[in-house]
Amino acid sequence: QTGMFTYDPGFMSTGSCQSAITYIDGDKGELLYRGYPIEQLATQCDYLETCYLLLYGELPNDVQKKDFVGRVTNHTMVNEQMQFFLRGFRRDAHPMAVMTGLVGALSAFYHDSTDINNPEHREISAIRLIAKMPTLVSMAYKYSMGQPYMYPKNKLGYTSNFMHMMFATPCEEYEPNDVLVRAMDRIFILHADHEQNASTSTVRLCGSSGTNPFAAIAAGVACLWGPAHGGANEAALNMLEDIQRMGGVAKIGEFVAKVKDKNSNVKLMGFGHRVYKNYDPRAKLMRETCHEVLDALGLHNDPLFKLAMALEKVALEDEYFVSRKLYPNVDFYSGIVQRAIGIPVSLFTAIFALARTVGWIAQLNEMISDPEYKIGRPRQLYTGATRRDVQAIGQR
Ligand code: SDX
């Protein structure tokens, strides 16, 4: 049975699905987007090329790339009404609460004209979502800062445009630093898709009801927020700052002892993975990017980066973590890079959602375009009370 999930009717449902988009080998630490190794895409392509690949299955040639970039660029603005929607939030609302609302609100503008079963509607929805996520994330940031929104500048590249909307003000242009723009673009590429993770499965299940793609992606944003998933980069940086406050490298042993204490429920955030039981290939690339960014900014003595390197070394040598195959994942270093770029910790997961939007859409479109797909309906093994009769309240 193709489509979203394949069930063994005789057994506990083991939700699984077929997909041709992303391949992960957790033991080898391998990640391929449409067959291309992430190491090659992250160093030889940019994010919009990667979006094209995930959506259409092939890397674009010059003409195709120019057309795709043009289509995305033409949809970077959002309806002016969106700014009034933002006003309903407190200034200190968590950006993922804001993003869940804003992405869901997009469906109010396009719901009536979007039939998810129409390939053309799926195409324009994909373009709109990829184009508007940077605008929405930067609006959430500017709103929290009490600064005016910056409109997209369509002569800029996708990632430069995002950094313009984030860091420019009406009084001052944002002077893009090529190393930082490249690092931001690489973060987008590394987070673009990751097979059937929790938020992608959420988008598939939500979209399988035939709801519009904007609502389905809003469900993915909500799921990604969790600290065990996309919220881990924020949690990993907060963890490093906590250890720094405790006394830094000298206190790593004390912190690790807490992690080992089952009763503490303290986890090494940014470590471990449901699939990678070897090094997360994205973490290796993120670590290199970290060095490049901190060197470019003259921050190679950044105490938090040095603490991260020391913590990684301890964890990679400690039997407790080695025996549990707990290696750094993509989230361990991405927070340090984003902090160096000037992104506030609270916005890390919103950036993850921006990058993952293309993966969610590609996976949703793959499912919906399969004529065999049906609405998702996970099976259950009932473990509750057997049949019984209601007693009058006086008899209970
Ligand atoms: C992402 O699915 C995806 O692809 C997600 C993602 C994507 O791109 O979409 O890759 C993004 O979500 C990356 C993961 C980010 N999360 C974190 O960094 C949070 C910290 N990590 C843990 O919450 C945990 O590692 C999970 C949730 C990621 C995986 O948990 P599992 O599947 O329970 O890990 P496991 O079965 O391999 O655990 C084995 C043992 C268990 O202990 P024991 O019962 O054997 O004593 O290791 C322990 C776990 O309790 N363990 C940890 C740990 N992760 C697992 N102990 C301390 N610190 C950790 N981080």
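Helices α9 and α10 are roughly antiparallel to each other, and in this predicted model they make a good place to start. Their axes come within 8 Å and cross at roughly 150°. From there, this briefing moves on to two other helix pairs, a small set of strands and an aromatic pair.

**Helices α9 and α10**

- Helix α9 covers residues 198–207 and helix α10 covers residues 213–224; the angle between them is over 145°, so the pair counts as roughly antiparallel.
- If you look at the handedness, α9 and α10 make a right-handed crossing.
- On the α9 side, the contact is made by A198, S199, T202, V203, C206 and G207.
- Facing them from α10 are A215, A216, I217, A219, G220, C223 and L224.
- Sorted by class, this contact of α9 with α10 holds 9 nonpolar and 4 polar residues, with no charged ones.

**Helices α5 and α6**

- Helix α5 runs over residues 95–110 and helix α6 over residues 119–145; they pack at an angle of about 135°, and their axes are 10 Å apart.
- That angle makes α5 oblique to α6.
- The way α5 passes α6 is a right-handed crossing.
- From α5, the residues in contact are V98, M99, L102, V103, L106 and Y110.
- Their counterparts in α6 are R128, L129, K132, M133, L136, V137 and A140.
- The class count for α5 with α6 is 11 nonpolar, no polar and 2 charged residues.

**Helices α8 and α17**

- The axis of α8 comes within 7 Å of the axis of helix α17 (residues 348–368), and the two cross at roughly 65°.
- With that angle, α8 is roughly perpendicular to α17.
- Here too you can check the handedness: α8 and α17 cross in the right-handed sense.
- M184, I187 and F188 are the α8 residues in this contact, and they meet I351, L354 and A355 of α17.
- By class, the contact of α8 with α17 consists of 6 nonpolar residues, with no polar and no charged ones.

**An aromatic pair that involves α8**

- Across the whole structure, a search finds 16 aromatic pairs.
- One of them joins Y158 and F188: the ring centres are 6.4 Å apart and the planes stand at 80°, so this pair is edge-to-face.
- Y158 belongs to helix α7 (residues 158–167) and F188 to helix α8 (residues 178–190), so to speak of sequence, the pair links distant parts of the chain, 30 residues apart.
- F188 is worth a second look in the viewer, as this residue of α8 is also among those that meet α17.

**The three-stranded sheet**

- The sheet is open, has 3 strands in the order β1-β2-β3, and pairs them in antiparallel fashion.
- β1 (22–25) and β3 (36–37) are the edge strands; each has a single partner strand, so one side of each has no neighbour in the sheet.
- In a regular strand, side chains alternate between the two faces of the sheet.

**Pairing of β1 with β2**

- β1 and β2 pair over 4 bridges in the antiparallel sense.
- Across this pairing, D25 stands opposite E30 of β2, and Y23 stands opposite L32 of β2.
- The two strands β1 and β2 form a hairpin with 4 residues between them.
- In the turn of that hairpin, G29 has a positive phi of about 65°.

**Pairing of β2 with β3**

- Strand β2 (residues 30–33) is joined to β3 by 2 bridges, and these strands run antiparallel.
- Y33 has Y36 of β3 opposite, while L32 has P37 of β3 as its bridge partner.
- L32 thus turns up in both pairings, as the residue opposite Y23 and as the partner of P37.
- β2 and β3 form a hairpin with 2 residues between them, and R34 in this turn has a positive phi of about 50°.

Terms used
Residues numbered from 1 in each chain as written. Predicted model: local features only at pLDDT ≥ 70, side-chain atom pairs only at ≥ 80, totals over all residues. Heavy atoms only, no water. Axes fitted to C-alpha atoms, helices over the stretch in contact; angles between N-to-C directions. Parallel < 35°, antiparallel > 145°, perpendicular 65-115°, else oblique. Left-handed = near helix turned anticlockwise from the far one by under 90°. Contact = heavy atoms within 4.5 Å. Nonpolar A, V, L, I, M, F, W, Y, C, P; charged D, E, K, R; others polar. Pairing = 2+ DSSP bridges. Phe/Tyr/Trp six-rings, centres within 6.5 Å; stacked < 30°, edge-to-face > 60°.
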